[in-house]
Amino acid sequence: MPATVEKVSSDSDKHSSDITAVLYHNDHVFSAGGDGKVKVWSKDLRLLKELTPHEAYIYAMAIDSKGQLYTSSCDGTIKCLTDPVSSDDCKELLKCNDEIECLFVDRKDNLYSGDDKGIITMWIDQRIKYKFNVVEQVRSMAIQNNIIYSIRDNDLTVTEIIEGSASGRFMTKASIPGKCPVKLCGSCTEDGVYSNVAILTRDGLGITMIKNSRKDQYPVIWTKEHAHNMIITAMSASDEYLYTAGYGGALKQWSGIDTQEPKLTGEIVVGSDSVCINSVTVGAEKSTVYVGGSDGNLQLVKFA
């Protein structure tokens, strides 16, 4: 399918450094950057407001169903923007000496944070509930019910939180070779259980699709070697589509996620081939994607 760049943030509105994370929620787009800023945009990329929760590089963002936006930074803090669309209120949840590189909010609005020491922290009502040591630095993670999927550069670790445990006991259920990021994808049940989990191959150029099944011990469904010519840095998914992006400004749309062989259904170079795409997120329509890159620009891409 052909793809087009529908809108690009203006030079006066863009981030002054890399865009590191992009989210879409309730007809608003949120971008975070190396400049420590969070920008709030309309879905057609009109800048609505700008906040500065950090004075340093923002690593990650996550948002809950109430619209509370969480950010983490190399300054060792986790901040919560309680209503970023209409308020400047910002509160600090944590300040430490660790690098908190990823955040995730589950369907119950519980927050999870992952750091460079391999510690995943579970937050309930913005208070620390449990800590899990998965040994390896947590660069990316996803959580579904009582299963944690965490990854750095060598393996995806699948961790099961023992239900009913007062102390947060957990067990490692699987270890699958691969590289971050990790993304829940494919068909989804009414209970929010996705059929698959996607990661990258260890060289960062290919995609590995895993069946999201504890019963079947998380088997690999397919591997697409050399899906990109340059390293993939970001993924997003919606219904039957998986989007991958990375160095060289390449953005690709894949279908056939639940089959034995994926199909490349669209691709485009966003900006120039000197740009690295750091984050992508799907908008209100499954063929609409927001892209944040190393040039500080936020772009709206539509696939036919």
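**Figure 1. Burial and side-chain contact of Q253 in the predicted model.** Q253 is buried in this predicted model, its relative accessible area being 0%. The residue belongs to strand β24, which comprises residues 250–255. The side chain of Q253 is joined to that of Y243 by a polar contact of 2.9 Å. The view therefore shows a residue that is buried, with a relative accessible area of 0%, and whose side chain makes a polar contact with Y243.

**Figure 2. Surroundings of C90.** The cysteine sulfur closest to that of C90 is in C80, at 7.7 Å. Because a disulfide requires two cysteine sulfur atoms within 2.5 Å, this distance is too far for a bond. C90 is partly exposed, and its relative accessible area is 34%.

**Figure 3. Surroundings of C188.** Which cysteine has the sulfur nearest to that of C188? The nearest sulfur is that of C185, 11 Å away, and C188 is in no disulfide. C188 is partly exposed, with 40% relative accessible area. For the protein, the disulfide count under the 2.5 Å cut-off comes to zero.

**Figure 4. The span annotated as a WD repeat.** An unreviewed UniProt entry carries the annotation "repeat: WD" for residues 12–42. Within this span, 58% is strand and 0% is helix. The C-alpha atoms at the two ends of residues 12–42 are 16 Å apart.

**Figure 5. The protein as the setting of the close-up views.** How many helices and strands are there in the protein? The protein has zero helices and 28 strands. Its radius of gyration is 18 Å, close to the 19 Å that the globule rule gives for 304 residues, so the protein is as compact as a globular protein of that length. The C-alpha trace spans about 50 × 45 × 35 Å along its principal axes.

**Figure 6. Burial, contacts and surface of the protein.** Of the 304 residues in the protein, 57% are buried. Q253 is one of the buried residues, whereas C90 and C188 are partly exposed. Among contacts with a separation of 6 or more, 42% are between residues 24 or more positions apart. The protein exposes about 13200 Å², and carbon and sulfur atoms supply 44% of this area.

Conventions. Residues are numbered from 1 along each chain as its sequence is written. This is a predicted model: local features need pLDDT of at least 70, side-chain atom pairs count only at pLDDT 80 or more; totals for chains, interfaces and linings use all residues. Side-chain values use heavy atoms; hydrogens and water are left out. Buried means under 20% relative accessible area, exposed over 50%, partly exposed in between (1.4 Å probe, protein chains only). Helices (H or I, at least four residues) and strands (E, at least two) are DSSP runs, numbered from the N terminus. A polar contact is a pair of N or O atoms within 3.5 Å; within protein, one must be able to donate a hydrogen and the other to accept it, and residues adjacent in sequence count only if both atoms are side-chain atoms. The radius of gyration is taken over C-alpha atoms; the globule rule is 2.2 Å times the number of residues to the power 0.38. Contact means heavy atoms within 4.5 Å. Accessible areas come from the Shrake-Rupley method with a 1.4 Å probe; for residues, only the protein chains shown count as cover. UniProt positions are given in the numbering used here, feature names are shortened, and annotations may be inferred rather than shown by experiment.
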